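Good morning, and thank you for coming. Please look at the sequence and the structure on the screen before I begin.

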Amino acid sequence: MARVCLNNISRRFNAVTAIADITFEVPDGEFWVLVGPSGCGKSTILRTIAGLEAATSGKLYIGDRLVNDVPARDRDVAMVFQNYALYPHMTVAENLAFGLKMRQADAKTLRDRVETVAQSLNIAHLLDRKPRQLSGGQQQRVALGRAIARQPQVFLLDEPLSNLDAQLRDDTRAELKQLHQTVGITTIYVTHDQVEAMTLADKIVVLSQGKIQQIGSPQAIYSDPANQMVATFMGSPPMNLLPGVLQGDRFHIHGQSIPCPAVLQTVLRSAQGQRFNLGIRPEHVQLAAQPHDAHLSAIATVIEPLGREVLVRAELPANGTTAHVLNLQVPPTHMPTVGDRLPLQLDLEHLFVFDPTTGERIKH
Ligand code: ATP
């Protein structure tokens, strides 16, 4: 096991800067997840750590070793991709043993390691089969097992679950988490999937356009986002964004208004008349119990019952301009019907204010 340290790593492809000045350090044994929209540079970071891409500038350390010029095969990392790339002519056991064999492990070590890994991944009953005789989920577990059996210093996973169906994905995700708790190999994991990011990560790195937007624990990324991009990228349904103009100590939104949170009044004192983007998560918008508790009024347009809760889309009436949509979650006992006028109460402690030009979050 080893730490992985990126120091101002950039990678350019002619005119395209895929990643710029990426700096972070994954401590020994931790599980970090890279997330961000398509093309933000996640895979390029992973491939650079693996040695499949060369950094254009910056320094990369695995453990205490500077590895910029070390070839991929000598970096002691194992990478698993979304397409499993197993050796089709070999059995599961032979696939699992392959990396170790290349390292001239003795027969007993080979047997023991294959058995342990197969058991931990629940594939011990499949050892004599060929990859074509396995389901997608089983093949992916073999691919993970092949990487783990080598006991690399670092484990790099690029969307390893994205080819699996929903149930299998959930199961394999839980197995992966359990496996990391047991084996404790330093892991860097790329995904589009927020649930994977939130559930697996010790730390999440949010990227956009080749740059780091925020690094933090899943909870910090969710509840204390650095900017509008992070705030709206993490969370499903996403955070609501409403345009509000500050007048006095209230934000005016299409003829309605909500109070500016007390903690922000000082920092916004000189921003009278300016427009801001106001962010609030669906779980922080409730149906007001009493009309005088309501901050906003909106018309229900779509009702989506999910069993445990109901997702409601509601539109704020907007004089002549495009109506703004607000998502909220209500208990099934309070399910509205389409067309209802909903009195909405906002949990203002959880209201975020963003600069609409830079996307930066205004903090007290
Ligand atoms: P996705 O989630 O879609 O896989 P990603 O976040 O992994 O995307 P990368 O594959 O790292 O993104 O790509 C980052 C940027 O670098 C993109 O703009 C991509 O087009 C560009 N890029 C990646 N590889 C090359 C290459 N070999 N030549 C030119 N441009 C490249």
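I shall go through the domains, the strand pairs, the ligand site, the empty spaces and two points of backbone geometry.

Please keep in mind throughout that this is a predicted model. The protein is divided into domain 1, residues 4-226, and domain 2, residues 240-354. How far apart do the C-alpha centres of domain 1 and domain 2 lie? The answer is 40 Å.

Let me turn to the strands. Strand E1 covers residues 4-13 and strand E4 covers residues 57-62; these two run antiparallel and are joined by five bridges. Within that pairing, Leu6 has Leu60 of E4 as its bridge partner. E4 also pairs with strand E5, residues 65-66, again in the antiparallel sense, over two bridges. There, Tyr61 is matched with Leu66 in E5. E4 and E5 form a hairpin with two residues between the strands, and in this hairpin Gly63 takes a positive phi near 65°.

A further pair lies later in the chain. Strand E9, residues 203-208, and strand E10, residues 211-216, are antiparallel and share five bridges. Val205 stands opposite Ile215 in E10. This hairpin likewise has two residues between its strands, and Gln209 is the residue with a positive phi, near 50°.

Next, the ligand. Which residues are around the ligand? They are Phe13, Ala18, Pro37, Ser38, Gly39, Cys40, Gly41, Lys42, Ser43, Thr44 and His192. I would draw your attention to three contacts with ligand oxygen atoms. For Gly39, a backbone N or O atom lies 2.8 Å from an oxygen atom of the ligand. For Gly41, the corresponding distance, also from a backbone N or O atom, is 3.0 Å. Lys42 makes its contact through the side chain, where an N or O atom is 2.8 Å from an oxygen atom of the ligand.

I come now to the empty spaces. Rolling a probe the size of a water molecule over the atoms shows where empty space is left. How many cavities of 30 Å³ or more does the structure hold? It holds one, and the volume of this largest cavity is about 80 Å³. Its lining consists of Phe31, Ile148, Phe155, Leu157, Leu176, Leu179, His180, Val183, Gly184, Ile185 and Thr187. Two elements, strand E7 at 154-158 and helix H5 at 166-183, each supply at least two of the lining residues. H5 provides the largest share, with four residues. By class, the lining of the largest cavity has eight nonpolar and three polar residues, and no charged ones.

The largest pocket has a volume of about 530 Å³. It is lined by 21 residues, and those nearest its centre are Val77, Ala78, Met79, Arg146 and Arg150. Which elements each supply at least two residues of this lining? They are strand E6 at 77-80, helix H2 at 92-102 and helix H4 at 136-149. E6 gives the most, namely four residues. The lining of the largest pocket divides into 15 nonpolar, two polar and four charged residues. Charged residues are thus present in the lining of the pocket, whereas the lining of the cavity has none.

Finally, two points of backbone geometry. Ser236 and Pro237 are joined by a cis peptide bond, with omega about -5°. Pro237 is found in the loop between helix H8, residues 228-233, and strand E11, residues 240-247. The second point concerns Gln151, a residue other than glycine whose phi is positive, near 50°. Gln151 is placed in the loop between H4 and E7. Those two elements have already appeared, since H4 contributes to the lining of the largest pocket and E7 to that of the largest cavity.

That concludes my presentation, and I thank you for your attention.

Definitions and conventions. Residues numbered from 1 in each chain as written. Predicted model: local features only at pLDDT ≥ 70, side-chain atom pairs only at ≥ 80, totals over all residues. Heavy atoms only, no water. Pairing = 2+ DSSP bridges. Domains from an automatic or database assignment. 1 Å grid on protein atoms, 1.4 Å probe; cavity = no way out; pocket = protein on both sides within 12 Å on 5 of 7 lines; lining within 4 Å. Points joined across faces, edges and corners; volume = space filled by probe spheres on them. Nonpolar A, V, L, I, M, F, W, Y, C, P; charged D, E, K, R; others polar. Near = heavy atom within 4 Å. Polar contact = N/O pair within 3.5 Å; in protein donor to acceptor, adjacent residues only side chain to side chain.
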